[in-house]
Structure formats: structure tokens, C-alpha cells
Amino acid sequence: MDTENAAAYSAATRVVTAGRPARTPGAPVGPGIELSSTYVAGAGPTYGRFGNRTWSSFEQVLGDLEGGRALAFSSGMAAISACILLTPPGGMVVVPQHVYNGTTTLLDQLAAEGRLSVRRVDPTDTAATVAALDGADTIWLESPTNPMLEVCDLPTVLAAARDREVLSIVDNTFNTPLLARPLEVGADLVVHSVTKYLSGHSDVVLGAVVTTDDALHERLRGHRTLRGAIPGPHGTWLALRGMRTLHLRMERACATAAELVSRLTAHGAVSQVRYPGFGAIICLEPKGGRAAAERLERDVRLWLPATSLGGVESSLERRRRHAGEPASVPEALVRLSVGIEDVEDLWADLAAALG
């Protein structure tokens with residue numbers, strides 16, 4: 001990559017070119033998979049739990065895209081846990097009432113153990129969210145939220161958090177850094193389930209955290225090292241390879257999602273469509289409630305009934321089938337993750353299943 005002019009390139013170019021070996025004669029085009037637990041003493045990594053050059057290549061690309069320094073973790077939950085545990089013992093975490101199920105479950109468990117307390121807010125009510133920051137230590141945000149797709153005024157809330165010295169963490173999994181860069185509007189930390197859009201092929205379990213704060217970076221690196229939350233080199237390499245096509249996959253998925261929203265909104269069997277106006281996640285509620293949602297899951301042939309998202313394949317699921325989803329999530333709500341298939345094929349399958 002032309003490192004001198006890298007900042008002038010678009011994100012679509014940098015996701016392809018960053019993190020590659022130097023252009024010397026005979027060098028490989030891409031980084032290899034470093035499979036070693038032990039290193040010769042004197043320079044570089046000293047042990048496989050402390051560092052790996054495959055991690056470094058992946059972290060360089062993601063850090064470049066988000067505008068900070070990245071750390072790869074063994075899973076999205078490992079990354080989430082590392083960030084939440086930055087909250088001091090007995091501290092208060094402000095969190096939207098609807099967020100990723102794993103985040104909710106972890107916070108509830110830590111609260112039950114007396115490790116921290118939780119204050120839930122409606123993220124669309126900016127004034128109430130800002131007011132909830134008084135006396136808090138950490139705020140966790142998603143915009144849009146999972147699965148209700150609520151949108152938060154991130155610049156305003158993050159500025160208020162900084163004024164109050166409240167640690168701010170934004171889960172950017174749904175958006176990817178191609179649609180949003182929370183660090184640029186004041187977030188202290190950005191979290192990704194790399195399993196989803198970044199890797200994009202449903203073959204990796206991986207997480208990541210990005211920050212511009214060197215002290216936070218070192219604390220999180222220490223957490224990863226001491227708790228063994230390290231990623232495997234092969235999975236990290238697959239995630240890096242998957243990221244090379246991120247811009248193309250996101251462009252296609254987002255365009256298809258917008259078209260599907262237009263058609264679903266006009267479909268007589270659909271009572272409500274939730275879509276924030278961007279991204280590739282749609283939520284719908286079919287007429288007929290839970291039974292109709294379950295029929296939709298059962299009757300699709302191209303859409304994959306599955307709990308994850310962000311892959312090249314389109315998937316859907318009724319979210320309340322998971323016991324941990326809050327009761328405020330409608331029983332009939334079906335979350336759709338739009339992939340890169342032909343839009344007409346996706347629509348034909350949905351329309352047939354909806355009846």
C-alpha cells in the first residue's frame with residue numbers, strides 16, 4: 001500500500017489495501033497465517049498469548065477503518081466482556097432497554113452478583129438518556145439497537161458522557177465502519193462482533209475493540225492476555241480476508257434491504273416494518289402475530305432461519321424465541337439480515353412465505 005498517501009484513499013480502497021506486506025520483490029500479496037505459540041527471543045512477540053502477526057494485520061485494517069487502535073478478541077462476547085469490566089466495582093452502567101441479547105444477559109448476571117448496577121433507557125429519548133448519565137460510570141450504546149432498530153443521537157449523548165467523565169462504548173456491529181465511525185463523534189470505545197459483517201461468511205467467531213485512548217488500549221490488551229481471550233490465527237486470517245470485500249457486500253446488502261423495505265411496507269400480510277433508513281437489517285411483524293411469524297420462519301426456502309447475521313446469505317428469525325429477549329420485544333417481531341443474493345429471488349421467497 002502507498003502508506004504516504006493512504007489517508008487520501010476512501011474507506012473502500014483502504015479496506016482492500018491496508019494491512020498488507022511491504023511491496024518488496026518476491027513478497028506475498030497478503031499476510032500469511034502465523035501458526036506459532038513460541039518465538040525466538042530478542043524481538044517481536046515472545047509468546048503466542050502476547051501477540052501474533054496475523055492479529056496485527058487484522059488490527060491494522062480495522063483500526064484504520066474506525067480511526068483508532070484495534071484489538072482482536074476470541075469472540076464478540078469476549079470483546080463485550082472486556083469493555084464492560086472496565087466499569088469499576090459497584091459502578092453504574094447506562095444501557096438501552098433493547099440491545100444485543102448477550103450484552104443484556106451479561107449485564108443482568110453482573111448486576112445479580114453485585115458487581116455493578118444497570119440503568120436502562122429509551123435511546124430515542126435523548127434528554128432522558130443524557131439525564132441518566134448523572135452518577136453513572138459507563139454508557140453502552142447501539143445505534144440502531146438490536147433488535148428494535150432504535151436510533152440514538154450519538155453526538156449529543158457521547159458529548160454529554162464525555163462532559164461527565166462517563167466511559168462510552170458503542171457496539172458498531174450493525175453499521176460497520178463503512179456506515180458509522182463512533183470514535184469520530186466522541187466514543188471512547190467501539191466494539192464489533194467480527195463474526196458478523198466484518199468477516200461476512202459465517203465461518204468465524206471473533207470480536208474486536210477499537211479506541212484512540214492509549215491507556216484504555218493497554219488495559220484491554222492486559223485483559224485479553226491475562227484472561228486468555230485471544231483469537232486463533234486461522235480465524236483472524238479468515239476475518240481479514242473477508243474484510244477485503246466488505247464495501248461490496250455492504251453496498252449490495254444495503255441496496256437490497258432498502259428495496260425490500262419498500263415492498264414489505266406495501267405488503268398486505270405485514271403489519272409493521274422497522275428500518276432506520278440505513279444498513280442491511282430489517283425487522284417486520286406479520287399480521288397474525290406469533291403464529292404467522294413462526295410460519296414465515298418455517299416456509300421460507302431461500303432465507304436461512306438462523307440466529308446470527310451479517311453473512312453473505314440472507315437470514316431471519318423470530319427474536320422472542322430466545323428466552324433472554326425482553327418482553328417489550330413483540331412476539332411476532334422477525335429480524336431479517338439481508339445478504340447479497342439477487343433481490344428478486346429474496347423477494348419471491350419472502351412474498352410466498354408471507355402468503
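These questions and answers go through a few labels given to residues in a predicted model.

Trainee: Why is Lys196 called buried or exposed, whichever applies?
Mentor: Lys196 has 13% relative accessibility. Buried means under 20%, so Lys196 counts as buried.

Trainee: Where is Lys196, and what feature does UniProt place there?
Mentor: Lys196 is in the loop between strand 6 (189–193) and strand 7 (207–211). An unreviewed UniProt entry gives "modified residue: N6-(pyridoxal phosphate)lysine" at Lys196, and such annotations may be inferred rather than shown by experiment.

Trainee: Which ring does Lys196 lie over, and at what distance from the ring centre?
Mentor: The ring is that of Tyr100, and Lys196 lies over its face at 6.0 Å from the centre.

Trainee: How many aromatic pairs are there by the rule used?
Mentor: The count is 1. The pair is Tyr47 and Phe50.

Trainee: What makes the pair of Tyr47 and Phe50 stacked or edge-to-face?
Mentor: The centres are 5.7 Å apart, and pairing asks for centres within 6.5 Å. The planes stand at 70 degrees; over 60 counts as edge-to-face, so the pair of Tyr47 and Phe50 is edge-to-face.

Trainee: Why is Tyr47 called partly exposed?
Mentor: Tyr47 has 38% relative accessibility. Partly exposed lies between the 20% and 50% limits, so the label fits Tyr47. Phe50, at 38%, is also partly exposed.

Trainee: What kind of patch do Val151, Leu179 and Phe278 form?
Mentor: They form a nonpolar surface patch with about 220 Å² of accessible area together. Val151 has a relative accessible area of 37%, and patch residues need over 30%. Val151 is in the loop between strand 4 (138–142) and helix 6 (154–163).

Terms used. Residues are numbered from 1 along each chain as its sequence is written. This is a predicted model: local features need pLDDT of at least 70, side-chain atom pairs count only at pLDDT 80 or more; totals for chains, interfaces and linings use all residues. Side-chain values use heavy atoms; hydrogens and water are left out. Patches are made of residues with over 30% relative accessible area and no salt bridge: like charges are joined within 9 Å, nonpolar side chains (Val, Leu, Ile, Met, Phe, Trp, Tyr) within 5 Å. Accessible areas come from the Shrake-Rupley method with a 1.4 Å probe; for residues, only the protein chains shown count as cover. A salt bridge is a side-chain nitrogen of Lys or Arg within 4 Å of a carboxyl oxygen of Asp or Glu. Helices (H or I, at least four residues) and strands (E, at least two) are DSSP runs, numbered from the N terminus. Buried means under 20% relative accessible area, exposed over 50%, partly exposed in between (1.4 Å probe, protein chains only). Rings of Phe, Tyr and Trp (its six-membered ring) pair if their centres lie within 6.5 Å; planes under 30 degrees apart count as stacked, over 60 as edge-to-face and the rest as tilted. A charge sits over a ring if NZ of Lys or CZ of Arg is within 6 Å of the ring centre and within 35 degrees of the ring normal.
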